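Dear colleague,

Please find below the structure I am handing over to you, followed by an account of what was found in it. I would be grateful if you would read the text with the structure open beside it.

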Amino acid sequence: MGQSKFGDTGLHYMAIRCVNADCNEVSLGVSFTTSEYQNGSWRLGDVIEAWQLRPESVSQVLPEYVPAPLREDYHESCLIRDKSPKASATLARRCLQGMIRDFCGISKNRLIDEIKELKKLVENGNAPKGVEPETLDAIDAVRNIGNIGAHMERDIDVIVDVDPGEAQALIELLEMLFDEWYVARHKRAQRLASVRAIAAQKQLAIEEGKAQVAQKGFAAIAAHSTTSE
């Protein structure tokens, strides 16, 4: 505890170990807070500043079937969310554009034109599975907020900022699209492949059964012919 321009302050740390034996990782965070001396002890108050020391970011582990450039942009966006929300939003915007180009097969010079083309596909019922109409407005919002970092305002004295909470909202949208697009497509392909494999096995069993019945029939005819002679 000590004195600062904030008055009495304190430092609070928290360490949490994951109880999952396959993980067993430790998360470590530190908070700089206001504090107040009450009844013979110090009590922590409002958080002035906080640091996530381990892990460096709260990014999810994306599966390998998500293209590497998308995974890299997403993880970096998470990593700098608190240090540079504007840059984080810009990376989220680039990640979104990469997703539209890779998953939806739409590639144009500008992201806004790619989103317009995606809207046409949705309206015509030709969009890839998992692309829902209600997500398009949110996707356009990512473009608008990401533009703040990607493009300077015409009037350079106009400063438009992005806070960590807004950058986190964009990151969560990316995570949702990873689930609804890539993960859902992968699971759907796995289920269909499983069904096809089961059908193939059953068909093989049927063919083998027919062959066995036919073989028994031929054997019975041969035995009958031998007895008749």
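Helices, of at least four residues, and strands, of at least two, are taken as DSSP runs and are numbered from the N terminus. On that basis, the order of elements along the chain from the N terminus is β-β-β-β-α-α-α-α-α, which amounts to four strands and five helices. Please bear in mind throughout that this is a predicted model.

Overall figures

The chain has 229 residues, of which 27% count as buried. Among contacts in the chain with a separation of 6 or more, 50% are between residues 24 or more positions apart.

The strands

Strand 2 and strand 3 are paired in the antiparallel sense, and nine bridges join them. Within this pairing, Gly-10 stands opposite Thr-33 of strand 3.

Strand 3 covers residues 26–38 and strand 4 covers residues 41–54; these two also pair in the antiparallel sense, over ten bridges. Two of the facing positions may help you to orient yourself. Ser-35 has Leu-44 in strand 4 as its bridge partner, and Tyr-37 stands opposite Trp-42 in strand 4. The hairpin of strand 3 and strand 4 has two residues between the strands, and Asn-39 adopts a positive phi near 50° there.

Is Trp-42, the partner of Tyr-37, buried, exposed or partly exposed? Its relative accessibility is 37%, so Trp-42 counts as partly exposed, the range for that class lying between 20% and 50%. Trp-42 belongs to strand 4. Its C-alpha atom is separated by 9.6 Å from that of Asp-8, although the two residues are 34 residues apart along the chain.

The largest pocket

As you may wish to examine the pockets, I describe the largest one here. Its volume is about 520 Å³. The lining comprises 23 residues, and those closest to the centre of the pocket are Ala-50, Trp-51, Gln-52, Leu-53 and Asp-82. Two or more lining residues come from each of strand 2 (7–17), strand 3, strand 4 and helix 1 (68–79). Sorted by class, the lining of the largest pocket holds twelve nonpolar, six polar and five charged residues.

The helices

Ser-88 sits in helix 2, which spans residues 85–103. With a relative accessible area of 0%, Ser-88 is buried, because the cut-off for that class is under 20%. Which atom does the side chain of Ser-88 reach? It is the backbone oxygen of Ser-77, at 2.7 Å. Apart from residues up to four places away in sequence, Ser-88 touches Ser-77, Ile-80, Arg-81, Ala-167 and Ile-171.

Gln-168 is located in helix 5, residues 164–228. This residue is also placed in the buried class: the relative accessible area of Gln-168 is 17%, and the class takes in values under 20%. Gln-168 and Pro-85 are 83 residues apart along the chain, while their C-alpha atoms are separated by 8.5 Å.

Leu-121 is part of helix 3, residues 111–123. Beyond its neighbours within four places in sequence, Leu-121 is in contact with Ile-106, Asn-126 and Ala-127. From C-alpha to C-alpha, Leu-121 and Cys-104 are 9.5 Å apart in space, with 17 residues as their distance in sequence.

For your own inspection, I would suggest starting with the hairpin of strand 3 and strand 4, where Asn-39 has its positive phi, then turning to the largest pocket and the five residues named as closest to its centre, and finally to Ser-88 and its reach to the backbone oxygen of Ser-77.

With kind regards

Note on methods. Residues numbered from 1 in each chain as written. Predicted model: local features only at pLDDT ≥ 70, side-chain atom pairs only at ≥ 80, totals over all residues. Heavy atoms only, no water. Buried < 20%, exposed > 50% of the residue type's maximum accessible area, 1.4 Å probe, protein only. Polar contact = N/O pair within 3.5 Å; in protein donor to acceptor, adjacent residues only side chain to side chain. Contact = heavy atoms within 4.5 Å. Pairing = 2+ DSSP bridges. 1 Å grid on protein atoms, 1.4 Å probe; cavity = no way out; pocket = protein on both sides within 12 Å on 5 of 7 lines; lining within 4 Å. Points joined across faces, edges and corners; volume = space filled by probe spheres on them. Nonpolar A, V, L, I, M, F, W, Y, C, P; charged D, E, K, R; others polar.
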